[in-house]
Amino acid sequence: MVLERGEVANSWRRERWDSLRLLTPNWQSRLPGYRYEGVDPDGFMTMAEVIEFVSHFAAVAEAPVRTQTTVTSVTQSDAGYLVTTDRGDVHCRCLVLASGACNLPSVPAHQQAVPASLEHFTPMDYRNPNQLPDGGVLVVGASATGVQLAHEIHQSGRPVTLSVGEHVRLPRMYRGRDVLWWMEASGVWNQRYDEIDDITRARGLPSPQLVGTSERVTLDLNALTAAGVTLVGRLATVRDGRALFSGGLRNQLTLADLKMDRLLDTFDQWANTSPGDADVDAPERFEATRVPTSSPLHLDLASGEIRSIVWATGYRPDYRWLHMPVIDRNGSLRHDGGVLDLPGLYAIGLPFLRRRKSTFIHGAEDDARDLVEHLAGYLANPRAESARSG
Ligand SMILES: Cc1cc2nc3c(=O)[nH]c(=O)nc-3n(C[C@H](O)[C@H](O)[C@H](O)COP(=O)(O)OP(=O)(O)OC[C@H]3O[C@@H](n4cnc5c(N)ncnc54)[C@H](O)[C@@H]3O)c2cc1C
């Protein structure tokens with residue numbers, strides 16, 4: 001039984017902005033036994049297309065979904081788990097937590113010190129620039145969401161200041177192929193969680209600066225500054241009505257460039273050793289991110305120059321209904337590749353759950369296969385301790 005508080009594909013229906021397209025190409029949109037088969041494999045789905053894609057999968061897979069059913073509490077019971085919903089209780093021996101990694105916007109506490117005259121938006125309530133008051137906009141966060149919203153808002157005619165912390169820079173195209181083709185072909189996306197030195201850090205990495213457009217544009221910080229967006233450092237705090245930014249912008253830019261080049265080196269090495277598979281153009285390198293000649297270290301938020309703030313500072317899961325000792329101090333589930341430390345309890349759909357690609361739609365397939373195998377083993381033989389991760 002699959003419990004869903006809204007409709008199938010609820011997060012895509014309710015929690016995304018109007019212009020959003022997937023940043024993964026259509027050919028990469030895959031679910032178990034099901035893939036995109038339209039006429040534009042290199043295109044990027046609109047939200048309406050994603051909703052159709054996921055809903056169609058639910059229909060052909062005959063997924064036993066109970067929609068409009070909100071889980072309000074989960075506790076352990078003698079036989080397994082007691083799941084309380086707004087439409088009655090469910091008892092189960094095994095439970096898979098698939099409630100998503102992005103239920104709530106993750107907004108820093110400085111938000112409370114922002115002068116009351118400013119309006120606040122998060123990617124979950126932002127729909128389009130018409131919602132924003134006229135005037136300057138501070139976008140905090142320069143990952144996929146931040147760069148996309150900064151660009152769209154700037155195009156609406158509002159001056160945009162973008163606060164840049166740690167970020168992952170990627171070109172849309174590399175050596176004539178989509179960069180996500182390289183991630184897949186070179187094996188980077190299949191890297192396993194138990195092969196990574198610092199999995200906690202890898203799980204917390206921001207999303208890459210990518211956008212899905214028919215022109216296959218690269219939306220990096222050079223593109224944004226060329227368009228007229230002002231870059232500032234990471235938002236350190238808000239004090240006396242002023243936003244104070246870190247002086248480490250140059251370092252952040254250099255670091256992201258270095259990491260991008262290192263990843264491109266990995267792609268090149270793979271291409272050199274797989275000549276038969278790699279029908280690609282010659283290696284290339286991209287212009288370093290241009291460091292602004294002067295980047296303000298503070299911004300007077302009470303002056304009227306900035307009228308709204310968009311907190312593109314990430315998301316977090318919401319486990320307030322989960323009443324079991326499986327959550328750490330940071331609000332993350334403790335798990336070993338999706339296997340939790342209680343019998344018959346699993347999670348799926350979290351960043352780097354079992355593989356680097358786990359955070360994406362197409363990452364679910366391999367993770368699901370592994371976890372279902374484990375789950376079936378547990379049901380067949382609940383006492384076997386061997387049924388631990390692997
Ligand atoms: C802005 C944004 C852009 C993205 N772009 C891409 C992309 O381009 N390509 C890509 O591959 N991935 C992308 N992703 C990641 C993608 O969203 C995830 O890979 C995918 O949604 C994970 O699916 P899921 O079913 O695990 O989680 P979700 O899609 O979050 O689904 C969780 C479901 O659980 C339901 N739920 C939550 N709590 C309860 C409860 N208490 N009771 C009942 N139901 C509940 C929710 O309503 C929701 O329908 C993006 C994510 C975001 C936030």
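## Asking the model how it knows

Q: Which residues make up the covered face of β19, and which the uncovered one?

A: In this predicted model, A243 and F245 form the covered face of β19, while R242 and L244 form the uncovered one.

Q: What makes β18 and β19 paired strands?

A: Pairing takes at least two bridges, and β18 (235–239) and β19 (242–245) have 4 between them, in the antiparallel sense. One of these partnerships is R239 with R242 in β19. The two strands form a hairpin, with 2 residues between them.

Q: How do you know that β19 is also joined to β20?

A: The same cut-off of at least two bridges applies. Strand β20 (residues 298–300) and β19 are joined by 3 bridges and run antiparallel, so they count as a pair. Here R242 faces D300 in β20.

Q: What is notable about the phi of D240?

A: Most residues other than glycine have a negative phi. D240 is not a glycine, yet its phi is positive, at about 50°. This residue sits in the turn of the β18–β19 hairpin.

Q: Why is D240 called exposed?

A: Exposed means over 50% relative accessible area. D240 has 72%, so the word fits.

Q: Where is R216 found, and what is its phi?

A: R216 lies in the loop between β16 (208–209) and α6. Its phi is positive as well, at about 55°, although R216 is not a glycine.

Q: Why is S163 called buried?

A: The cut-off for buried is under 20% relative accessible area. S163, in strand β12, has 2%, so it is buried. Leaving out residues up to four places away in sequence, S163 touches L138, V139, V140, G141, A142, V232, G233, R234, L235 and F245.

Q: How do you know that the side chain of S163 makes a polar contact with the backbone nitrogen of L235?

A: A polar contact needs N or O atoms within 3.5 Å, one able to donate a hydrogen and the other to accept it. The side chain of S163 reaches the backbone nitrogen of L235 at 3.1 Å, so the distance falls within the cut-off.

Q: Why is E166 called partly exposed?

A: Partly exposed lies between the 20% limit for buried and the 50% limit for exposed. E166 has a relative accessible area of 34%, so it belongs in between. You will find this residue in the loop between β12 (160–163) and β13.

Q: What does E166 contact, and which side chain does its own side chain meet in a polar contact?

A: Leaving aside neighbours within four places in sequence, E166 is in contact with S143, R201, L205, P206, Q252 and K259. The polar contact is with the side chain of R201, at 2.8 Å, so it is within the 3.5 Å limit.

Q: How do you know that the span of α7 is close to the expected one?

A: The expected span is 1.5 Å times one less than the number of residues. For the 25 residues of α7 (249–273) that comes to 36 Å, and the helix reaches 37 Å from its first C-alpha to its last. Its buried residues include Q252, M260, F267 and W270. They pack against β13 (168–169), β14 (173–174), α4 (179–185), α6 (221–227) and β17 (230–232).

Q: Which residues of α8 are buried?

A: In α8, D366, D367, D370, L371, H374, L375 and Y378 are buried. They cover an arc of only 165° around the axis, which puts them on the same side of α8. On the other side, V372, E373 and A380 are exposed. Among the elements covering the buried residues are β8 (95–97), β24 (339–340) and β25 (345–347).

Q: What is the order of the strands in the open sheet, and why do β5 and β7 stand at the edges?

A: The order is β5-β6-β7, with antiparallel pairing. β5 (71–77) and β7 (88–92) each have a single partner strand, so one side of each lacks a neighbour in the sheet. Neighbouring strands of this sheet are turned by 20° against each other on average, direction ignored.

Q: How do you know that β6 and β7 pair?

A: At least two bridges are needed, and β6 (residues 80–85) shares 5 with β7 in the antiparallel sense. Within this arrangement, V83 is opposite V90 in β7.

Definitions and conventions. Residues numbered from 1 in each chain as written. Predicted model: local features only at pLDDT ≥ 70, side-chain atom pairs only at ≥ 80, totals over all residues. Heavy atoms only, no water. Buried < 20%, exposed > 50% of the residue type's maximum accessible area, 1.4 Å probe, protein only. Contact = heavy atoms within 4.5 Å. Arc of directions from axis to C-beta. Axes fitted to C-alpha atoms, helices over the stretch in contact; angles between N-to-C directions.
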